[in-house]
Amino acid sequence: MAMFPLLSPHLRRSLSSSLLRRLRRRSSAASAAAAMDAPSRSFTTTEVSRPNIVQKRSLDILHDPWFNKGTAFSMTERDRLDLRGLLPPSVMTPQQQIDRFMMDLKRLQVNARAGRFDTNALAKWRILNRLHDRNETMYYKILVENIEEYAPIVYTPTVGLVCQNYSGLFRRPRGMYFSAEDRGEMMSMVYNWPADQVDMIVVTDGSRILGLGDLGVQGIGIAIGKLDLYVAAAGINPQRVLPVMIDVGTNNEKLLKDPLYLGLQEHRLDGEEYLSVIDEFMESVFTRWPNVIVQFEDFQSKWALKLLKRYRNTYRMFNDDVQGTAGVAIAGLLGAVRAQGRPMIDFPKQKIVVAGAGSAGIGVVNAASKTMARMLGNNESAFESARSQFWVVDANGLITECRENIDQDIKPFAKKLKEVSHQGLSEGASLVEVVKKVKPDVLLGLSAVGGLFSNEVLEALKDSTSSRPAVFAMSNPTKNAECTPVEAFSILGENIIFASGSPFNDVNLGDGKIGHSNQGNNMYLFPGIGLGTLLSGARVISDGMLQVASECLAAYMKEEEVLKGIIYPPISSIRDITKEVAAAVVREAVAEDLAEGYRDMDARELRRLTQEEIVAYVKNNMWDPVYPTLVYRKE
């Protein structure tokens with residue numbers, strides 16, 4: 001059993017002898033193959049630059065989305081793979097295929113309907129999903145080249161609609177499902193996944209999908225959408241990603257009564273029972289894939305921070321709702337300081353009112369206060385000063401030290417009664433009262449309450465002491481945004497900064513002036529964090545790695561753009577943004593002595609690379625959606 005050092009005795013006993021034999025055979029074969037095929041050392045490894053060996057031909061190839069090229073198979077490949085006669089005789093270029101698909105998509109996106117829930121955006125999702133099922137390379141090629149248009153379809157906001165209706169949309173399984181009924185079996189189950197190498201897992205328990213609440217097993221859609229963006233933005237090889245749903249039941253009464261619901265129709269596990277399921281999952285996936293990175297997604301606030309603290313120092317994992325949202329928000333907050341014509345070092349002087357004390361709100365407040373504290377000297381007085389710049393308001397009003405049963409994670413930011421009484425505030429003061437009295441530089445929404453920033457709240461922000469106040473309506477999906485850019489600009493005027501979690505159009509202010517609507521999308525950071533962690537081989541994902549990712553994004557914007565009120569770059573630049581963020585993460589991992597290397601690039605070689613060489617190393621390890629040459633070999 002020495003080959004399974006990470007297995008607990010309980011899980012070790014659960015492995016069948018046949019599975020152990022299979023694992024030993026795989027391990028022996030892999031070792032032999034590695035010895036025979038050890039490549040010469042090279043500076044970088046370029047994705048999709050060599051032929052792919054396949055053990056299938058004929059219709060099996062055409063039915064495999066990883067290898068199917070459709071009409072783009074050359075005549076040589078058709079002969080080699082027994083495809084002659086199975087395809088129309090004309091050989092098309094990849095661009096011709098894309099042109100045909102795009103023509104159909106433009107024509108069908110308005111007309112395609114399949115029931116009362118099938119909006120225009122959902123029709124687009126269905127069409128793209130069908131392409132994903134039959135030709136992955138072409139699917140990702142279209143996504144990469146049209147990322148600004150189709151990211152909102154495969155991810156927020158459309159993915160929320162997809163998750164709400166997933167039981168009806170389900171056609172073909174994608175990813176893995178682990179349930180409460182699989183306890184004791186997960187270690188065997190992970191070997192049902194065909195890929196021997198997995199670089200990235202996005203996992204959810206479906207308990208808090210976007211701002212839509214408990215969607216149970218239907219939350220798998222968010223994991224699939226996130227991984228599509230890892231492939232498109234970060235160039236993670238799609239054959240090495242795995243979306244995962246952990247089904248521990250649902251407390252959604254509608255789903256519990258729905259005869260068509262695909263998940264466990266029982267109430268959610270809680271306490272130690274719940275933790276035992278997540279523990280077994282983590283041990284199982286890291287036993288089979290020791291170098292995998294696991295991103296936790298849309299876990300309810302009750303568990304998000306607890307699980308992050310439980311695993312982050314042991315496994316390569318992070319929580320995008322807590323850490324990714326915080327990073328993007330910090331980049332935007334730093335951008336808002338620059339937009340005022342001030343240096344970023346003035347960030348600790350900003351007064352910030354935060355609406356929302358869930359996992360995202362707590363994550364942002366924690367990370368932002370650490371950023372402030374570091375600028376102030378990183379000592380105890382610096383942290384105390386940083387915490388004093390935040391006023392946190394939840395559903396029960398302003399959080400002070402008088403709050404009963406206060407969440408321990410938000411307790412450090414509970415205002416002292418002596419401090420708020422001088423401002424004319426008290427425990428439970430309303431959001432409007434807090435904005436009127438504090439006169440904040442930033443109003444930051446992470447509440448998942450659509451319209452929370454009412455006309456009255458925005459009117460109160462007119463008295464801000466800032467020369468250019470900022471409104472961040474960051475809740476997703478679109479209907480949960482605290483306000484729209486039209487509402488913000490119409491009440492506060494042109495001299496504000498506006499950012500949101502979901503995409504909105506810019507606002508025409510008249511006289512040739514534009515009110516810029518910045519989308520603070522987590523997509524700016526999580527692909528780069530994942531890719532940088534992968535390519536550095538970092539053992540864990542540190543606060544420092546997350547911090548440099550935020551600072552890299554904040555610095556990406558040019559000064560003239562920021563002064564116009566543009567604090568986030570266009571989504572169309574996402575591959576370049578991700579490359580720069582990943583390079584920053586790699587450098588920080590090396591600086592913190594966390595890097596262990598990746599493939600032919602070991603830790604010592606990483607340390608010798610210049611900044612430009614690290615960027616080149618990242619770029620050359622990003623997968624591009626191009627058709628590889630396929631060579632058949634019998635098993």
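This passage looks at an annotated binding site and at two of its residues in a predicted model.

The site itself comes from a record: an unreviewed UniProt entry lists Glu 297, Asp 298 and Asp 321 under "binding site". Along the chain, these residues are spread over 25 residues of sequence, yet they cluster in space, with a largest C-alpha distance of 6.5 Å. Glu 297, Asp 298 and Asp 321 also turn up in the lining of the second largest pocket.

Take Asp 298 to begin with. It sits in a loop, with strand E5 (293-296) on one side and helix H15 (301-311) on the other. Its relative accessible area is just 1%, so Asp 298 counts as buried, the cut-off being under 20%. What does Asp 298 touch, leaving aside residues up to four places away in sequence? The contacts run through Thr 204, Asp 205, Gly 206, Ser 207, Arg 208, Ile 209 and Leu 210, and then take in Ile 222 and Asp 321. With Leu 210 there is a bit more to say: a polar atom of the Asp 298 side chain lies 2.9 Å from the backbone nitrogen of Leu 210.

Asp 321, for its part, belongs to helix H16, which covers residues 320-339. Its relative accessibility comes out at 6%, and because that is under 20%, Asp 321 is buried too. Setting aside residues up to four places away in sequence, Asp 321 touches Glu 297 and Asp 298 from the listed site, along with Arg 208, Phe 296, Phe 299 and Ala 360. With Arg 208, the link is a polar contact from side chain to side chain, at 3.3 Å. Arg 208 is also among the residues that Asp 298 touches.

Note on methods
Residues numbered from 1 in each chain as written. Predicted model: local features only at pLDDT ≥ 70, side-chain atom pairs only at ≥ 80, totals over all residues. Heavy atoms only, no water. UniProt positions renumbered as here; feature names shortened; annotations may be inferred. 1 Å grid on protein atoms, 1.4 Å probe; cavity = no way out; pocket = protein on both sides within 12 Å on 5 of 7 lines; lining within 4 Å. Helix = DSSP H or I, 4+ residues; strand = E, 2+ residues; numbered from the N terminus. Buried < 20%, exposed > 50% of the residue type's maximum accessible area, 1.4 Å probe, protein only. Contact = heavy atoms within 4.5 Å. Polar contact = N/O pair within 3.5 Å; in protein donor to acceptor, adjacent residues only side chain to side chain.
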